[in-house]
Amino acid sequence: MAERVTKDTFEEKVLKSSIPVLIDFYSDSCVPCKKMSPVIGAIADEQAEKLNVYKVNTNFDSELAEKYSVMSVPTIVLFKDGEEIARKSGAEKKAVLEEWITQSLDK
């Protein structure tokens, strides 16, 4: 299951991570976000050895959403070595998201 990060923990858990990080920017009131939640959770569990997965609630951490120019939810952002390397907006099937992660990390 993906853990929530806040502006207070973002730098330590995301930007300073030794492995790639997937961030799910979401809102509790967003229906597509609710559909993505089990997908994000499964990826977090299955790829725990090679990918950290966190969630950012845009209602509570709007500063992070603004800093990373998140205009809609869900928005998935992939970080590597503290830098954003890819982003995807909207709900996706697990297989599509996994392929996007693999392709983004292999660049």
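The following dialogue asks how terms are applied to this predicted model.

Student: What is taken into account in this model, and how are residues numbered?
Tutor: Residues are numbered from 1 along each chain as its sequence is written. The model is predicted, so local features need pLDDT of at least 70, side-chain atom pairs count only at pLDDT 80 or more, totals for chains, interfaces and linings use all residues, and side-chain values use heavy atoms, with hydrogens and water left out.

Student: What makes E1 and E5 edge strands?
Tutor: Strands (E, at least two residues) and helices (H or I, at least four) are DSSP runs, numbered from the N terminus. Two strands pair if DSSP finds at least two bridges between them. The open sheet has 5 strands in the order E1-E3-E2-E4-E5, with mixed pairing. E1 (3-4) and E5 (83-89) each have a single partner strand, so one side of each is left without a neighbour in the sheet.

Student: How do you know that E1 and E3 pair?
Tutor: The definition asks for at least two bridges. E1 and E3 are joined by 2 bridges and run parallel. Arg 4 stands opposite Lys 55 in E3.

Student: Which sense do the pairs E2 with E3 and E4 with E5 take, parallel or antiparallel?
Tutor: E2 and E3 pair in the parallel sense over 6 bridges, and Ile 23 has Tyr 54 in E3 as its bridge partner. E4 (residues 75-80) and E5 run antiparallel, also with 6 bridges. In that pair, Val 77 stands opposite Arg 87 in E5. On this sheet packs helix H2 (residues 31-46), which touches E2 (21-26), E3 (52-57) and E4. Touching is contact, that is, heavy atoms within 4.5 Å. The direction of H2 makes about 155° with that of E3, where axes are lines fitted to C-alpha atoms, for helices over the stretch in contact, and angles run from 0 to 180 degrees between N-to-C directions.

Student: How do you know that the length of H4 agrees with its expected span?
Tutor: The expected span is 1.5 Å times one less than the number of residues. For the 12 residues of H4 (residues 94-105) this should be 16 Å, and the end C-alpha atoms are 16 Å apart, so the two agree.

Student: What puts the buried residues of H4 on the same side?
Tutor: Buried means under 20% relative accessible area, exposed over 50%, and partly exposed in between (1.4 Å probe, protein chains only). The buried residues of H4 are Leu 97, Trp 100, Ile 101 and Ser 104. They cover an arc of only 100° around the axis, and therefore lie on the same side of H4. The arc is that of the directions from the helix axis to the C-beta atoms. An α-helix has 3.6 residues a turn, so residues three or four places apart point the same way. The buried residues of H4 pack against E2, H2, E4 and E5.

Student: Why is the pair of Asp 24 and Lys 55 called a salt bridge?
Tutor: A salt bridge is a side-chain nitrogen of Lys or Arg within 4 Å of a carboxyl oxygen of Asp or Glu. The closest N and O atoms of Asp 24 and Lys 55 are 2.8 Å apart, so the pair meets the definition. Asp 24 lies in E2 and Lys 55 in E3, 31 residues apart, so the pair links distant parts of the chain.

Student: Are Asp 24 and Lys 55 buried or exposed?
Tutor: Asp 24 has a relative accessible area of 1% and is buried. Lys 55, at 10%, is buried as well. E3 is mostly covered, with 5 of its 6 residues buried.

Student: What makes Glu 11 partly exposed and Lys 16 exposed?
Tutor: Glu 11 has 46% relative accessibility, and counts as partly exposed. Lys 16 has a relative accessible area of 52%, and is exposed. Their side chains meet in a salt bridge (3.8 Å, N to O). The whole structure holds 9 salt bridges, and Glu 46, Lys 94 and Glu 98 are linked in a network of them.

Student: What sets Ser 69 and Asp 81 apart in phi?
Tutor: Ser 69 has a positive phi of about 50° although it is not a glycine. Asp 81, also a residue other than glycine, has a positive phi near 55°. Ser 69 is in the loop between H3 and E4 and is partly exposed at 43%. Asp 81 is in the loop between E4 and E5, and at 62% counts as exposed.
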